[in-house]
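User: Got a minute to go through this one with me?

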Amino acid sequence: MEQDYTGGFAEEDIVNWVLKATGHLTEKISCNEVKAKTDGQHLSLVFFGDVETALYKTFEHAAGRTKQEFTFFNTDASCVPSNMGSAPAIALYRNFDESPIQWSGEGDHGEGTLYEWMNDQSLPHFFEFTE
């Protein structure tokens, strides 16, 4: 199947595009790599926990629906940040505003709901100015 290249031109952008285009939607990382990997991305989602769970399948399906603006990682349950509770969990890391933001499973826990949430949270929050 032929597909036009729609990614960036930096080495990391090219690698991420190829991984997604070939079906490798998430990258397995260690606890020690979470900060470095997410700091290097504009928008990234991290799944913490067992990849055999229904929540991981939702995470993986949402990864398959996106364009190239998000990078997806998965890691062990022991890597969950202390302020996020316990695994399984999904967090959005952004290089702007507050981060990480935990998905609390709004809606039906389905891939569409996660996909909508991550897209909504991918925009910077603005402050309302009054006179």
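Analyst: Sure, here is a run through the fold, the charged pairs, the disulfide and a couple of side chains.

User: What should I know about the model before we start?
Analyst: This is a predicted model, where local features need pLDDT of at least 70, side-chain atom pairs count only at pLDDT 80 or more, and totals for chains, interfaces and linings use all residues. Residues are numbered from 1 along each chain as its sequence is written, and side-chain values use heavy atoms, with hydrogens and water left out.

User: OK. How many helices and strands does the protein have?
Analyst: There are 4 helices and 5 strands. Here helices (H or I, at least four residues) and strands (E, at least two) are DSSP runs, numbered from the N terminus. Starting from the N terminus, the order of elements is α-β-α-β-α-β-β-β-α.

User: And what share of the residues is buried?
Analyst: Of the 131 residues, 39% count as buried. Buried means under 20% relative accessible area, exposed over 50%, and partly exposed in between (1.4 Å probe, protein chains only). The protein exposes about 8100 Å², with carbon and sulfur atoms supplying 52% of that area. Accessible areas come from the Shrake-Rupley method with a 1.4 Å probe, and for residues only the protein chains shown count as cover.

User: What about contacts between residues at least 6 apart in sequence?
Analyst: Among those, 69% join residues at least 24 apart. Contact means heavy atoms within 4.5 Å.

User: Switching to charges: how many salt bridges are there?
Analyst: The count comes to 3 salt bridges, each being a side-chain nitrogen of Lys or Arg within 4 Å of a carboxyl oxygen of Asp or Glu.

User: Which residue pairs with Glu 27?
Analyst: Lys 37 does, with N to O at 2.9 Å. That pair links distant parts of the chain, as Glu 27 is in strand β1 (residues 27-28) and Lys 37 in helix α2 (residues 34-39), 10 residues apart. Glu 27 is partly exposed at a relative accessible area of 27%, and Lys 37 is partly exposed at 28%.

User: How about Lys 28, which residue does that one bridge to?
Analyst: Lys 28 bridges to Asp 76, and their closest N and O atoms are 2.7 Å apart. Lys 28 sits in strand β1 and Asp 76 in the loop between β3 (71-75) and β4 (89-94), so the bridge ties together parts that are 48 residues apart in sequence. Asp 76 is partly exposed, with 38% relative accessible area.

User: And the bridge between Asp 39 and Lys 35, where is that?
Analyst: Both residues are in helix α2, and being 4 residues apart they are separated by about one helical turn. Their closest N and O atoms are 2.7 Å apart. Asp 39 is partly exposed at 49% relative accessibility, whereas Lys 35 is exposed at 58%.

User: What's up with Arg 94, which side chain of opposite charge is nearest?
Analyst: The nearest is Asp 97, 4.3 Å away, and Arg 94 is buried yet has no salt bridge. For charge, Lys and Arg count as positive and Asp and Glu as negative, while His and the chain ends are not counted. Arg 94 is in strand β4, and its side chain reaches the backbone oxygen of Glu 98 at 2.7 Å. Leaving aside neighbours within four places in sequence, Arg 94 is in contact with residues including His 42, Gln 121 and His 125.

User: Which cysteines form a disulfide?
Analyst: Cys 31 and Cys 79, with their sulfur atoms 1.8 Å apart. The cut-off for a disulfide is a pair of cysteine sulfur atoms within 2.5 Å, and the count comes to 1. The pair links distant parts of the chain, with Cys 31 in the loop between β1 and α2 and Cys 79 in the loop between β3 and β4, 48 residues apart.

User: Left-handed or right-handed?
Analyst: The torsion about the S-S bond of Cys 31 and Cys 79 is about -85 degrees, so the disulfide is left-handed. Cys 31 is partly exposed at 35% relative accessibility, while Cys 79 is buried with a relative accessible area of 12%.

User: Last one: where is Tyr 5?
Analyst: Tyr 5 is in the segment before α1 (11-21). Leaving aside neighbours within four places in sequence, Tyr 5 is in contact with Asp 13, Ile 14 and Trp 17.

Note on methods. A polar contact is a pair of N or O atoms within 3.5 Å; within protein, one must be able to donate a hydrogen and the other to accept it, and residues adjacent in sequence count only if both atoms are side-chain atoms.
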